[in-house]
Amino acid sequence: MVGEQQSPALYQGFYINLRESVERDRSMQTHLQALGLTSRYERFEAIRGQDLPAGQLSPLNAGSIGCGLSHQRLLDSRRDADVHLHVLEDDAEILPDLPTWFPALAEHHSWDLIYSDVYFSMLSPQVFQQFSRLIKAYHQQGSVSLVNLRGVPFVGATSYFVNHQSIGRVADLLGTDWISRCKHDEHINNLVQT
C-alpha cells in the first residue's frame with residue numbers, strides 16, 4: 001500500500017456514484033486506498049435519471065441523462081472551491097503517478113479543463129503520430145504533456161480536472177440544453193471544438 005499523500009491540496013477529487021452501485025463504490029474506495037489518496041477524494045451521490053420527471057423530449061436514455069446531470073450538479077455545488085476539481089466516474093482508474101504530474105501541469109499552463117481519460121473515435125495520421133511521440137516520451141522519460149483537443153473529436157468524461165477559476169464557467173457552459181440533443185460529454189466536445 002502506498003502511504004497517504006502529504007502534498008498540499010492543489011485539487012479535491014470526487015467520484016460520481018449511484019447509491020445502489022455499492023460494489024463500484026467499494027472498488028473505488030479500495031483503488032484510492034491502494035494509491036494513498038483516500039483523504040483527497042469523496043463520493044458524490046449520482047442522480048438517477050429514472051427518478052427525474054418526464055417532460056423534456058430527448059434521444060437519450062434515463063441513465064445518460066442522470067449521468068450528465070450528476071456532473072452538472074457536482075460542478076454547481078463546487079463553484080466557490082479554492083482548489084481545482086478532479087471529477088471521476090466510479091469506474092475510472094487513477095494512474096499512480098497522477099499526484100506527481102498534475103501539479104506541474106496545473107501550475108505551468110493556462111487551462112480550463114484537463115482530461116486524463118478520453119476516447120478518440122478517429123484520429124488523423126498527424127494527431128496519431130503526435131500522440132505516439134508523447135506516449136513514447138512518457139514511457140522513456142516520464143514526461144507528461146498537454147494536448148489541445150480542439151480539432152480532435154473525443155468523447156468521455158470518466159476523468160477530468162476543472163481549474164478552480166473556471167468551475168462556474170464550465171458549469172454554465174455545460175448547462176442542461178444538451179439533454180434535447182446529445183450526451184453531456186458530446187456537448188463538451190462540441191464546446192471544445194467551437
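Apart from neighbours within four places in sequence, Ser64 is in contact with Trp178 and Lys183. These contacts are read from a predicted model. Ser64 belongs to helix α2. Its relative accessibility is 14%, and Ser64 therefore counts as buried, the cut-off being under 20%.

A second serine, Ser132, is found in helix α4. Ser132 has a relative accessibility of 39% and so counts as partly exposed, a class that lies between 20% and 50%. Ser132 and Thr30 are 102 residues apart in sequence, and their C-alpha atoms are 32 Å apart in space. The table sets out the two serines.

| Residue | Helix | Relative accessibility | Class |
|---|---|---|---|
| Ser64 | α2 | 14% | buried |
| Ser132 | α4 | 39% | partly exposed |

The helices that hold these serines also take part in the interior of the chain. The largest nonpolar core has 29 residues, and Leu75, Leu85, Tyr160 and Val162 are the ones that touch the most other members. At least two residues of this core come from each of the helices α2 (62–77), α4 (125–141) and α5 (167–174), and likewise from each of the strands β1 (11–17), β3 (84–89) and β5 (155–162). A separate, second core consists of 18 residues, among them Tyr11, Met28, Leu35 and Leu105.

Leu75 illustrates how the largest core is joined. When neighbours within four places in sequence are set aside, Leu75 is in contact with Leu85, Tyr160 and Val162, and also with Ile167, Val170, Ala171 and Leu174.

The chain as a whole contains six helices and five strands. In sequence order, these elements follow the pattern β-α-β-α-β-α-β-α-β-α-α. The radius of gyration is 17 Å, close to the 16 Å that the globule rule gives for 194 residues, so the chain is as compact as a globular protein of that length. Along its principal axes, the C-alpha trace spans about 55 × 40 × 30 Å.

Contacts across long stretches of sequence are also recorded for the chain. Among contacts between residues at least 6 apart in sequence, 81% join residues at least 24 apart. Of the 194 residues, 42% count as buried.

The surface and the charges complete the description. The chain exposes about 11,100 Å², and carbon and sulfur atoms supply 50% of that area. There are 15 positive and 22 negative side chains, and the centres of these two sets lie 3 Å apart.

Technical notes:
Residues numbered from 1 in each chain as written. Predicted model: local features only at pLDDT ≥ 70, side-chain atom pairs only at ≥ 80, totals over all residues. Heavy atoms only, no water. Core = buried A, V, L, I, M, F, W, Y, C linked by side-chain atoms within 4.5 Å. Buried < 20%, exposed > 50% of the residue type's maximum accessible area, 1.4 Å probe, protein only. Helix = DSSP H or I, 4+ residues; strand = E, 2+ residues; numbered from the N terminus. Contact = heavy atoms within 4.5 Å. Rg over C-alpha atoms; globule rule 2.2 N^0.38 Å. Areas by Shrake-Rupley, 256 points an atom, 1.4 Å probe, with all protein chains shown as cover. Lys, Arg positive; Asp, Glu negative; His and termini not counted. Charge placed at Lys NZ, Arg CZ, Asp CG, Glu CD.
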